[in-house]
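Here are my notes for you to read with the structure open beside them. Take them one at a time and find each spot as you go.

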Amino acid sequence: MASKAISRPYSQVFIDSPRYNSRNLYRKRRKAMLKELDSFCVIAGIPADPGSEEAYVQTWNRFIQEPAFLFLTGINQAGCYLLLDPATGEEILFVPPKDPFREFWNGKRLGYLEGDSDVAKVTGIADVRSESELWDEIALRVSRLPEGGHAYAYYFEKFRDDHNDRFRKSMLKSLRGTGISLRSAAALHWKLRLPLEPERIADAEAAQKVTDEAFRTVLPMFAEFRNERELALRLDYEMQRRSDGDLAFPTIAACGKNACCLHYVKKDEPLVSGELVLLDFGIRMGSLHSDISRTVPVNGKFDPLQKLLYQIVLDSAAEYQKFVKPGVSLRDIGQVPWDYIMEQLETRLVQGAKGSYELLYDRRPHGVSHFIGEQIHEGDPGSRSLDVVLEPGMLISCEPGLYGKFSGVFGGRRITAQIGIRIEDDLLVTKSGFINVSKHIPKEIAEIEKLMGR
């Protein structure tokens with residue numbers, strides 16, 4: 001284990017799990033990346049703190065880093081670069097100069113200071129240099145390459161104008177006239193990053209446990225909450241007080257028709273008895289997350305229309321999970337739950353309850369799965385890695401939903417409402433299929449009503 005006396009003051013800028021030796025894990029990843037490369041590669045971290053590029057915006061978010069850089073180093077601060085060279089096995093970390101005045105304002109930062117060994121001790125990377133030396137080092141590496149050779153940087157061919165693309169342009173400028181070309185290391189990186197190591201699987205399982213405990217704590221308390229914000233704040237508190245990280249993402253708490261906005265963030269509407277509230281929430285443990293959606297009745301009791309629609313969505317998840325296994329891609333199986341939902345709306349609602357529906361989309365509102373890793377929505381941002389074949393160790397979401405206006409007759413009474421429902425679990429792909437690592441987080445109608453005191 002890295003010495004806690006050294007790493008603890010840097011907890012804001014180095015992700016160090018209490019459950020395993022984080023430095024060894026990052027080192028193992030860098031060695032694996034070196035084996036994939038056939039020339040030197042530079043991975044750029046976020047160049048500046050988010051918001052600092054604007055005169056009128058400044059934020060102090062804890063998690064800000066380029067996920068690829070975080071994956072390989074654990075470093076969560078701006079202005080850092082990693083150079084990997086398979087020809088020599090070298091790994092060189094470039095960091096900003098040590099700045100005590102900035103630390104006075106914003107806390108400890110990893111910075112270069114001649115003769116100081118803190119950065120090497122914290123990160124496990126022995127060769128630490130000032131970021132001002134980066135381009136000279138790149139020029140030196142280029143001079144050693146054979147004519148017609150190539151170097152790597154981390155960027156996405158289909159994604160432009162982010163910090164990776166800006167670094168790509170800087171690299172191309174430095175290569176001009178050398179006869180050396182530039183390639184993207186993104187595809188090589190994803191081969192290593194999408195399957196989770198045992199340590200990250202343990203982090204994900206720990207996140208599920210925290211999320212489960214928090215949700216179970218909040219369910220009996222619904223009568224205390226006046227609005228979406230109070231509910232979300234309490235859920236956030238219950239997750240964060242049990243965790244070693246921040247929220248996985250801003251919690252969604254959307255009551256009634258607000259649940260028909262997929263990424264609803266207002267959270268300032270009242271909780272109305274008789275309506276459903278959609279919760280999308282999760283916590284970060286180490287560098288992994290939980291990503292859970294649950295939809296519950298504000299008064300603790302599903303009405304007949306809500307119950308029918310909720311069960312359709314729940315059953316669609318079970319139908320989809322029949323197809324989750326190694327050897328298929330998310331694109332291959334992505335239409336399964338949506339076709340099932342459409343069939344069941346006709347059977348259970350239209351025919352069974354003399355009902356009708358008007359959806360806010362055409363058959364498919366969103367993807368049913370995404371990869372989970374360093375990012376909540378893991379994968380190539382240009383393609384979402386939908387064509388990547390599932391392998392054991394990959395973690396994916398399963399989140400069917402239903403959003404629109406619905407009507408049906410129950411016990412001689414017609415019920416009409418605008419409703420949004422989403423139920424999301426996290427599935428770990430195994431050799432024979434998958435494990436639902438969030439299976440203990442309540443989602444069955446009877447269990448939710450019981451926990452809410454009905």
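The points below go through charged pairs, rings, a sheet and two backbone angles.

1. Before anything else, keep in mind that this is a predicted model. Everything below was worked out from its atoms, so to speak, on paper.

2. Let's begin with charges. Side chains of opposite charge can pair when their charged atoms come close. How many salt bridges does the count come to? The total is 38, and I've picked out a few that are worth a look.

3. Find Arg200 and Glu197, whose side chains form a salt bridge with 2.6 Å from N to O. Are these two buried or exposed? Arg200 counts as buried because its relative accessibility is 0%, and the cut-off is under 20%. Glu197, with a relative accessible area of 12%, is buried as well.

4. Now go to Lys322 and Glu319, another salt bridge, at 3.0 Å from N to O. The setting is not like that of the previous pair: Lys322 is exposed, with 62% relative accessible area, and Glu319 is partly exposed at 21%. That 21% falls outside the buried class, because buried means under 20%.

5. Arg363 and Asp339 are a nice pair to trace along the chain. Their side chains meet in a salt bridge, 3.1 Å from N to O. Arg363 is in the loop between strand S12 (356-359) and strand S13 (395-398), while Asp339 belongs to helix H13 (residues 336-351), so this salt bridge ties together parts that are 24 residues apart in sequence. Both ends are partly exposed: Arg363 has a relative accessible area of 39% and Asp339 has 28%.

6. Some charged residues join up in a network. Which residues are linked this way? Salt bridges connect Asp85, Glu90, Asp127, Arg129, Glu137 and Arg141.

7. On to the rings. A pair of aromatic rings is described by the distance of the centres and the angle of the planes. The whole structure has 10 aromatic pairs. Take Phe302 and Tyr310: the ring centres are 5.0 Å apart and the planes are at 55°, so this pair is called tilted. Phe302 and Tyr310 are both buried. Elsewhere, ring pairs join Tyr81, Trp135 and Phe167 into a cluster.

8. Charges can sit over rings too, as two spots here show. The charged end of Arg29 is over the ring of Phe71, 4.1 Å from the ring's centre. Arg168 lies over the face of Tyr155, and there the distance to the ring centre is 5.8 Å.

9. Next, look for an open sheet of 3 strands, ordered S7-S8-S11 with antiparallel pairing. Why does one side of S7 and of S11 lack a neighbour in the sheet? Strand S7 (252-255) and strand S11 (292-297) are at the edges and have a single partner strand each, so one side of each stays free of a neighbour in the sheet. From one strand to the next, the twist averages 15°. Strand S8 (residues 276-281) is joined to S11 by 6 bridges, and Phe281 stands opposite Ile292 in S11.

10. Last, the backbone. Most residues other than glycine have a negative phi, and most peptide bonds are trans. Lys267 is not a glycine, yet its phi is positive, about 50°. Lys267 is in the loop between S7 and S8 and counts as buried at 14% relative accessibility. Arg363, from point 5, also has a positive phi, about 70°, without being a glycine.

Conventions
Residues numbered from 1 in each chain as written. Predicted model: local features only at pLDDT ≥ 70, side-chain atom pairs only at ≥ 80, totals over all residues. Heavy atoms only, no water. Salt bridge = Lys/Arg side-chain N within 4 Å of Asp/Glu carboxyl O. Buried < 20%, exposed > 50% of the residue type's maximum accessible area, 1.4 Å probe, protein only. Helix = DSSP H or I, 4+ residues; strand = E, 2+ residues; numbered from the N terminus. Phe/Tyr/Trp six-rings, centres within 6.5 Å; stacked < 30°, edge-to-face > 60°. Lys NZ or Arg CZ within 6 Å of the ring centre and 35° of its normal. Pairing = 2+ DSSP bridges. Axes fitted to C-alpha atoms, helices over the stretch in contact; angles between N-to-C directions.
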